[in-house]
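Grab a coffee and open the viewer. Below are a few short exercises, each with a solution you can follow step by step.

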Amino acid sequence: MLSQLEELRERALHDLEAATTVESLEQWRLAYLGRRGQLTTVLRGLGQLSPEERPAVGRVANTIKNALEQAYEERAETLRQAALAEELERGALDVRLPGRPQRLGYLHPSTQTLREIYAIFAQMGFQVLRSGEVEDDATNFQLLNLPPDHPARDMWSTFYLNQPGLLLRTHTSPGQIHAMRRFHPEPIRVILPGKCYRYEQVTQRHEFQFYQVEGLAIGYNITMADLKGTLVHFARQMFGAERRLRFRPSYFPFTEPSAEADMDCIICEGQGCPLCKYTGWLEILGCGMVHPTVLRNGGYDPDVYSGFAFGMGPERITMLKHGIADIRSFFANDLRFLQQFG
Ligand code: DAH
């Protein structure tokens, strides 16, 4: 029995040497140490031995069992290390290769234009002030010299909220009231940017949502010449040093006099082309001298103060600058459009 055990030990260790894969190692374990393995079978046979023989054989059998288990563990560890080394070798990471660049996002074309506008007006001392997209009727209309039922309200198709008196601002002009009431009696130079909404059929030239940038300057002895100088500087910074502006008389309830500013066409330089509809001019914004009633509503005495205001659409500015035909592109979220501005 003892020699049988010894022989089993030698055979097992010999076989173990041959186990070079995880699978063959497992087969070896089953063959020797498993529930039906050879050593287990021997151990079970101990019961048949005489009580005198049993302790000695049992001891040897246990020693062998421990030795085989330990040999198994060592072999398994060797195989694990080998597998790891091989895997590292195979998928070797060559740190000398340059990494894959992370693609950075970029700003929406409207945002890019907005920031250009802020920067240009910042040169002239205008700071940015924001107010909410939900506005009350008083601030969006009445305080801007548009009483209820005033026919000029037709210029702004409006989204009204369920709560009476509230609406989505149709323009950034209510920001003028917020600015005046906040800074009164100090002189003011602000840019009022933000989203506006109108209840309109969406077409190539109209969106129900769009940005506006309003400008407001209030102080002593501010004249139309200041308005013109400011806007000419803006147009030349934005569209090129050779740009010219033309001021056409117009009507807005919150300015008097009011004007619309046209810029000589950037494509044909005034010769006439499809972009300017053969007029040579591109309309870029509305403007005027702040109406006395509006000044008063903001807390400024029109006999002491004067001011100018203007309002422009950054989408329109962007369309002119980049020859974009359809304003809907700005909000369609089509990457083929957006990625051109990356
Ligand atoms: N709020 C006007 C609009 O949405 C644009 C405008 C015109 C703003 C003249 C002004 C202004 O500040 O003076 O159509």
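Before we start, a sorting rule: Ala, Val, Leu, Ile, Met, Phe, Trp, Tyr, Cys and Pro count as nonpolar, Asp, Glu, Lys and Arg as charged, and the others, Gly among them, as polar. Keep in mind that this is a predicted model.

**Exercise 1. Work out what kind of shell surrounds the ligand.**

Step 1: Count the neighbours. The ligand is surrounded by 16 residues, and a residue gets in if one of its heavy atoms lies within 4 Å.

Step 2: Pick out the closest ones. They are H171, S173, R198, Q212 and E214.

Step 3: Sort the shell by class. You get 6 nonpolar, 8 polar and 2 charged residues.

Step 4: Look for strands that chip in. At least two shell residues come from each of β5 (209-219), β8 (281-290) and β9 (306-312).

**Exercise 2. Find polar contacts of the ligand, then say how covered it is.**

Step 1: Start at H171. An N or O atom of its side chain sits 2.9 Å from a nitrogen atom of the ligand.

Step 2: Move to R198. Here an oxygen atom of the ligand is the partner, 2.9 Å from a side-chain N or O atom.

Step 3: Check the backbone too. A polar backbone atom of A309 lies 3.2 Å from a ligand oxygen.

Step 4: Turn to area. On its own the ligand would expose 350 Å², and the protein buries 93% of that.

Step 5: Place the ligand in the protein. The space it takes is the largest pocket.

**Exercise 3. Track down the unusual backbone spots.**

Step 1: Recall the usual picture. Most residues other than glycine have a negative phi, and most peptide bonds are trans.

Step 2: Hunt for cis bonds. One runs from H184 to P185, with omega near 5 degrees, and P185 is in the loop between α7 (174-183) and β4 (188-197). Another joins E256 and P257 with omega about -5 degrees; P257 belongs to strand β7 (residues 255-264).

Step 3: Check phi. Y278 has a positive value, near 60 degrees, without being glycine, and you'll find Y278 in the loop between β7 and β8.

**Exercise 4. How far apart are the C-alpha centres of domain 1 and domain 2?**

Step 1: Set the bounds. Domain 1 covers 2-90 and domain 2 covers 109-341.

Step 2: Compare the centres. They lie 88 Å apart.

Methods. Residues numbered from 1 in each chain as written. Predicted model: local features only at pLDDT ≥ 70, side-chain atom pairs only at ≥ 80, totals over all residues. Heavy atoms only, no water. Polar contact = N/O pair within 3.5 Å; in protein donor to acceptor, adjacent residues only side chain to side chain. Areas by Shrake-Rupley, 256 points an atom, 1.4 Å probe, with all protein chains shown as cover. 1 Å grid on protein atoms, 1.4 Å probe; cavity = no way out; pocket = protein on both sides within 12 Å on 5 of 7 lines; lining within 4 Å. Sits in = over half its atoms within 2 Å of the grid points. Helix = DSSP H or I, 4+ residues; strand = E, 2+ residues; numbered from the N terminus. Domains from an automatic or database assignment.
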